[in-house]
Amino acid sequence: MIPIAENIPYEAARGLEQMGIDYYNTYNPVKYGGNAYNNQINGISPVNPLRLFFYADAIPYALNLYTVKKENNLKIRK
């Protein structure tokens, strides 16, 4: 596994986690017929009033993703 960010603030980490869950569509709770090996909870609750602030804190780190993938010869999803 190749990290795209290290030593980042809690809020940015939660936002980055949720961006990944949303982008790769891995939220799949068993109680709705999902797979137990996928995410059972969101990084940020959909009803959290600070949700947008978590996303905003994560943006600078999310912008690193393209560079990290390119440097490590990983597939870049368009």
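**Group meeting talk: helices, salt bridges and a pocket**

I would like to start with a single residue, aspartate 22, which is partly exposed, with a relative accessible area of 41%. Before I go on, please keep in mind that what we are looking at is a predicted model, and that every value I mention is computed from it.

Let me set out the whole before I return to that residue. The protein has three helices and zero strands, and from the N terminus on its elements run α-α-α. If you follow the C-alpha trace along its principal axes, it spans about 40 × 25 × 25 Å. There are 78 residues in the protein, and buried residues make up 19% of them. Where residues at least 6 apart in sequence are in contact, 57% of those contacts join residues at least 24 apart.

Now to helix H1, which covers residues 10-24. How far apart should its ends be, if each residue adds 1.5 Å? For the 15 residues of H1 the expected span is 21 Å, because the rule multiplies 1.5 Å by one less than the number of residues, and the end C-alpha atoms are indeed 21 Å apart, in agreement with that expectation.

Which residues of H1 are buried? They are Ala12, Gly15, Leu16, Gln18 and Ile21, and these buried residues pack against H2. Alanine 12 is a good one to look at in the viewer: its relative accessibility is 1%, and it counts as buried because the cut-off lies at under 20%. Leaving aside residues up to four places away in sequence, alanine 12 touches Asp57, Ala58 and Tyr61. Alanine 12 also lies 5.8 Å from phenylalanine 54, C-alpha to C-alpha, although the two are 42 residues apart in sequence.

Let me turn to the salt bridges, of which the count comes to two. In one of them, the side chains of glutamate 17 and arginine 14 meet, with 2.8 Å from N to O. Both residues lie in H1, three residues apart, which is about one turn of the helix. As for their surroundings, glutamate 17 is partly exposed at a relative accessible area of 34%, and arginine 14, at 25%, counts as partly exposed too.

The other salt bridge brings us back to where I began, since here aspartate 22 meets arginine 51 through their side chains, at 4.0 Å from N to O. This pair links distant parts of the chain, with arginine 51 in helix H2, residues 51-62, and aspartate 22 in H1, 29 residues apart. Are the two partners buried or exposed, or something in between? Arginine 51 has a relative accessibility of 17% and therefore counts as buried, the limit being under 20%, whereas aspartate 22, at 41%, is partly exposed.

Next comes the largest pocket, which has a volume of about 380 Å³. It is lined by 14 residues, and those closest to its centre are Ile4, Leu16, Glu17, Met19 and Gly20. You have already met Glu17 as a salt-bridge partner, and Leu16 as one of the buried residues of H1. Which element gives the largest share of the lining? That is H1, with eight residues, while H1 and helix H3, residues 64-71, each supply at least two. Sorted by class, the lining has 10 nonpolar, one polar and three charged residues.

Finally, a word about backbone angles. Most residues other than glycine have a negative phi, and it is with that in mind that I would like you to look at three asparagines. Asparagine 7, in the segment before H1, has a positive phi near 50 degrees, and this residue counts as exposed, with a relative accessibility of 81%. Asparagine 25, which follows H1, has a positive phi as well, near 55 degrees. Asparagine 73, placed in the segment after H3, has a positive phi of about 55 degrees although it is not a glycine, and it is exposed at 71% relative accessible area.

To close, I would ask you to find two places in the model for yourselves: the pair of arginine 51 and aspartate 22, which links H2 to H1, and alanine 12, which is buried in our predicted model.

Conventions: Residues numbered from 1 in each chain as written. Predicted model: local features only at pLDDT ≥ 70, side-chain atom pairs only at ≥ 80, totals over all residues. Heavy atoms only, no water. Helix = DSSP H or I, 4+ residues; strand = E, 2+ residues; numbered from the N terminus. Buried < 20%, exposed > 50% of the residue type's maximum accessible area, 1.4 Å probe, protein only. 1 Å grid on protein atoms, 1.4 Å probe; cavity = no way out; pocket = protein on both sides within 12 Å on 5 of 7 lines; lining within 4 Å. Points joined across faces, edges and corners; volume = space filled by probe spheres on them. Nonpolar A, V, L, I, M, F, W, Y, C, P; charged D, E, K, R; others polar. Contact = heavy atoms within 4.5 Å.
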